[in-house]
Amino acid sequence: MAAGRLLLTPEEAAEVLRVGRTTVYALMKCGDLRAVHIGRSCRISQAELNRYVRRLEASPSRPQPSPDAA
C-alpha cells in the first residue's frame, strides 16, 4: 500500500510499523519520529520510518532480571 510513496499519513505510517495511530502520534510528540508539515497536514517520510527502525535495532535491549536474583 505505502510502497513507492514519498510521504505517509500518520495512519499509513502506523500500518507500516504495525502499531496504533496513537503510538505514531506519541512518537512524533516526543521527537522519536520527525514529521513534515504541509499546511495543516502532517506527513512522515519513508526515510524517517527506516531511520527510526534502524535506531530501534541498534539500541541495546533491556537486561532481563535473572530468575536467581531474589
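Author: Two strands pair if DSSP finds at least two bridges between them. Strands (E, at least two residues) and helices (H or I, at least four) are DSSP runs, numbered from the N terminus. In this predicted model, local features need pLDDT of at least 70 and side-chain atom pairs count only at pLDDT 80 or more, while totals for chains, interfaces and linings use all residues. Residues are numbered from 1 along each chain as its sequence is written, and side-chain values use heavy atoms, leaving out hydrogens and water.

Reader: Which residue of S3 stands opposite Leu-8?

Author: That is Ile-44. Strand S1 (residues 7-8) runs antiparallel to S3, joined by 2 bridges. Strand S2 (residues 36-38) is also antiparallel to S3, with 3 bridges.

Reader: Along S3, which side chains are buried?

Author: Buried means under 20% relative accessible area, exposed over 50%, and partly exposed in between (1.4 Å probe, protein chains only). Cys-42 and Ile-44 point to one face and are buried, whereas Ser-41, Arg-43 and Ser-45 point to the other and are not.

Reader: And why do the buried residues of H2 line one face of the helix?

Author: An α-helix has 3.6 residues a turn, so residues three or four places apart point the same way. In H2 (residues 21-29), the buried ones are Val-24, Leu-27 and Met-28. Seen down the helix axis, they fall within an arc of 100 degrees (taken from the directions from the axis to the C-beta atoms), so they line one face. Thr-22 and Lys-29 are exposed on the face turned away from that buried side.
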